[in-house]
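This note comments on a single model and is arranged as numbered points. Please read it alongside the sequence and coordinates.

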Amino acid sequence: MNNIPNEGKVDFSKPILWIVIPCYNEKDVLPITAPMFLEQIQTMISKEKISAKSRILFVNDGSKDSTWDIICKLAQEDEHYIGISQSRNRGHQNAVLAGLMEAKDVCDITISIDCDGQDDITAMERMVDEYLAGAEVVYGVRSKRDTDTFFKRFTAESFYKLLDKMGVETVYNHADYRLISTRVLQEFAGFHEVNIFLRGMIPLVGYKNATVYYERHERIAGESHYPLSKMLALAFDGITSLSVRPISIITGAGCVVSLIGFVGIIWAIITAILGNAVPGWASIVCIVCFLGGIQLLSLGVIGEYIGKIYLESKHRPRYIISDKTWEPYERHYKG
Ligand code: UDP
Ligand code: MG
């Protein structure tokens, strides 16, 4: 069939871009990075790569400092700045999701990026180029992490390797800096899980993708909100939300341990028959402890999955937006 009418459809040559930026307690960072985002969007508009209707969407993730006030002020200064605010802090992943879902019906492409200037803002233009060349998802990948500490690099490296071993498909050294077309976002809206791990979920949607490399910089100001404990929690969530391999490993370990136990029993019987059985309370205690440990670990992992099922079964909302800069909730201001 040819001659398919295209009236009212997306203008692929000049897409409307929404940059989605999660912000949590970033009062020191926003005044520095917001103009950088604006400059980047204006460059792309002037080069006619994106529509002048493109926007920079800040998602305030229940900050306890003046982040939301700064966002509201920015929105008054320039029409390209807009913001939404979550009713409380729900974490980086949910903040990005809230922004993406807000954007999915009103723009053609989104780019999610952290607000601290660590991810190279100028790489956005290359991402848009990839989209214009046909990619629906463009992953921003860190080409080197010189600015990160050895410890951060080591833990991140182990994290990607572990995810891979556990069967979770991710793009190596890609965090949450990525371009997604709204076509992909509409499909992604059908993924309803409460425990979200975007970098493992987006590849599951499929479609043509591309990669853009960039150098990771240091945080412009403020401090990371991802200490080791939160990184471990994210890794654990990523694995248990997207893979059941740990349970298979437990089953395998259970088989191996049972086999060792079985061989031990045969050996004990033979030595008893031969009459040279040694009083072996030490070996028994060791085996009991070993088995007890494995059992507790296994129960813990299985418990994690059951906990996840419990949380998923509640179908609670993944984010709650309390304010938008373009339609503020009046009651808050009337007191
Ligand atoms: N962030 C968020 N909610 C949180 C923690 C962080 O929205 O609960 C935002 C934060 O403002 C930043 C991004 O997520 O824009 C990444 O956080 P951060 O820079 O602290 O992490 P790191 O880069 O150190 O891994
Ligand atoms: Mg950061």
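Which elements do the buried residues of α7 pack against? Point 1 takes this up; the model is a predicted one throughout.

1. The buried residues of α7 pack against two strands, β5 (137–144) and β6 (174–181), and against the helices α3, α6 (182–188) and α8 (228–242). Helix α7 itself covers residues 198–205, and its buried positions are L198, R199, G200, M201 and I202. Arginine R199 is thus listed among the buried residues of this helix.

2. Directly after α7 comes G206. The phi angle of G206 is positive, near 90°.

3. Ligand 1 is surrounded by 16 residues, of which P22, Y24, D61, S224 and H225 come nearest. Two elements, β1 (17–23) and α3 (92–103), each give two or more residues to this shell. Helix α3 therefore deserves attention on two counts, because it contributes to the shell around ligand 1 and is also packed against by buried residues of α7.

4. By residue class, the shell around ligand 1 comprises six nonpolar, six polar and four charged residues.

5. The chain is divided into two domains: domain 1 takes in 17–225 together with 317–334, while domain 2 spans 245–314. Their C-alpha centres are 45 Å apart. Five residues from domain 1 and five residues from domain 2 make up the contact between them. On the domain 1 side, the touching residues divide into two nonpolar, two polar and one charged.

Technical notes. Residues numbered from 1 in each chain as written. Chains lettered and ligands numbered in written order. Predicted model: local features only at pLDDT ≥ 70, side-chain atom pairs only at ≥ 80, totals over all residues. Domains from an automatic or database assignment. Contact = placed C-beta atoms within 7 Å. Nonpolar A, V, L, I, M, F, W, Y, C, P; charged D, E, K, R; others polar. Near = placed C-beta within 6 Å. Helix = DSSP H or I, 4+ residues; strand = E, 2+ residues; numbered from the N terminus. Buried ≥ 20, exposed ≤ 12 C-beta atoms within 10 Å, placed from the backbone.
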